[in-house]
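This report is meant for a reader who meets this structure for the first time. The sequence and the structure come first, and the description follows them.

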Amino acid sequence: MTQHTDLPFDLLPTTVRQFLAAHIVHDADTASSFLTEDAVIVDQDETSRGREETHAFLRDAGAEFKYTTEQVGAHRVDDTHWVVTMRLEGTFPGGIAELDYRFALRDDLIAELVIANHPA
């Protein structure tokens, strides 16, 4: 059964919380440690697969911009799928973006992360 409820950060799965905490401060090494060996990250139709590509994505994504990140929503889809909505404000084109980080977990690690624009 799908649950769509707003959750505070501390009620997200530990893996998701720790990944986001590392990702927000651009710590690709720590963020990568929460991914499965065969993890897939999809960001705006670009796909990274496996340890090396996903680490490079986490290291390089948005590096050319300065921005702040704030969680503005979250919900549990089911036992292994979670969505966290993040608001980014910074020097990138448009200056503000709301993005959904859609997590699929396997064995307490992130097997898939899809980052997409939050529906208006």
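A good place to begin is the loop between S1 and strand S2 (46–49), where Gln44 is found. Although Gln44 is not a glycine, its phi is positive, at about 50 degrees, and with a relative accessible area of 42% the residue is partly exposed. These values, like those that follow, belong to a predicted model.

A second residue can be set beside Gln44. Asp107 sits in the loop between S5 and S6, and this residue, other than glycine, has a positive phi near 55 degrees. Asp107 counts as exposed because its relative accessibility is 68%, a value that lies over the cut-off of 50%. Positive phi values are also found after two of the helices: His26 follows H1 with a phi near 60 degrees, and Gly62 follows H3 with a phi near 75 degrees. The table gathers these residues.

| Residue | Place | Phi |
|---|---|---|
| Gln44 | loop between S1 and S2 | about 50 degrees |
| Asp107 | loop between S5 and S6 | near 55 degrees |
| His26 | follows H1 | near 60 degrees |
| Gly62 | follows H3 | near 75 degrees |

The chain as a whole has three helices and six strands, and from the N terminus on they run in the order α-α-β-β-α-β-β-β-β. Its C-alpha atoms fill a box of roughly 40 × 30 × 25 Å along the principal axes. The radius of gyration is 13 Å, which agrees with the value near 14 Å that a compact globule of 120 residues would have. Of the 120 residues, 42% are buried, and among contacts with a separation of 6 or more, 41% join residues that are 24 or more positions apart.

Which residues of helix H1 (residues 14–24) are buried? They are Thr15, Val16, Phe19, Leu20, Ala22 and His23. Around the axis they cover an arc of only 165 degrees, and therefore they lie on the same side of H1. An α-helix has 3.6 residues a turn, so residues three or four places apart point the same way. The buried residues of H1 pack against helix H2 (28–32), strand S1 (35–43), helix H3 (50–60), strand S4 (81–90), strand S5 (96–106) and strand S6 (109–117).

Helix H3 can be read in a similar manner, beginning with its buried residues, which are Gly50, Thr54, His55, Phe57 and Leu58. Seen down the axis of H3, they fall within an arc of 160 degrees, so they line one face of the helix. These residues pack against H1, H2, S1, S2 and S6.

Among the strands, S5 contains Leu105, which counts as buried because its relative accessibility is 16%, under the cut-off of 20%. Leaving aside residues up to four places away in sequence, Leu105 touches Pro13, Val16, Thr80, Trp82, Ile110 and Ala111. Of these partners, Pro13 is 92 residues from Leu105 along the chain, while the C-alpha atoms of the two are separated by 9.4 Å. Val16, another partner of Leu105, is one of the buried residues of H1.

The outer surface completes the description. The chain exposes about 7,000 Å², and carbon and sulfur atoms supply 50% of this area. There are 9 positive and 22 negative side chains, and the centres of the two sets lie 1 Å apart.

Note on methods
Residues numbered from 1 in each chain as written. Predicted model: local features only at pLDDT ≥ 70, side-chain atom pairs only at ≥ 80, totals over all residues. Heavy atoms only, no water. Helix = DSSP H or I, 4+ residues; strand = E, 2+ residues; numbered from the N terminus. Rg over C-alpha atoms; globule rule 2.2 N^0.38 Å. Buried < 20%, exposed > 50% of the residue type's maximum accessible area, 1.4 Å probe, protein only. Contact = heavy atoms within 4.5 Å. Areas by Shrake-Rupley, 256 points an atom, 1.4 Å probe, with all protein chains shown as cover. Lys, Arg positive; Asp, Glu negative; His and termini not counted. Charge placed at Lys NZ, Arg CZ, Asp CG, Glu CD. Arc of directions from axis to C-beta.
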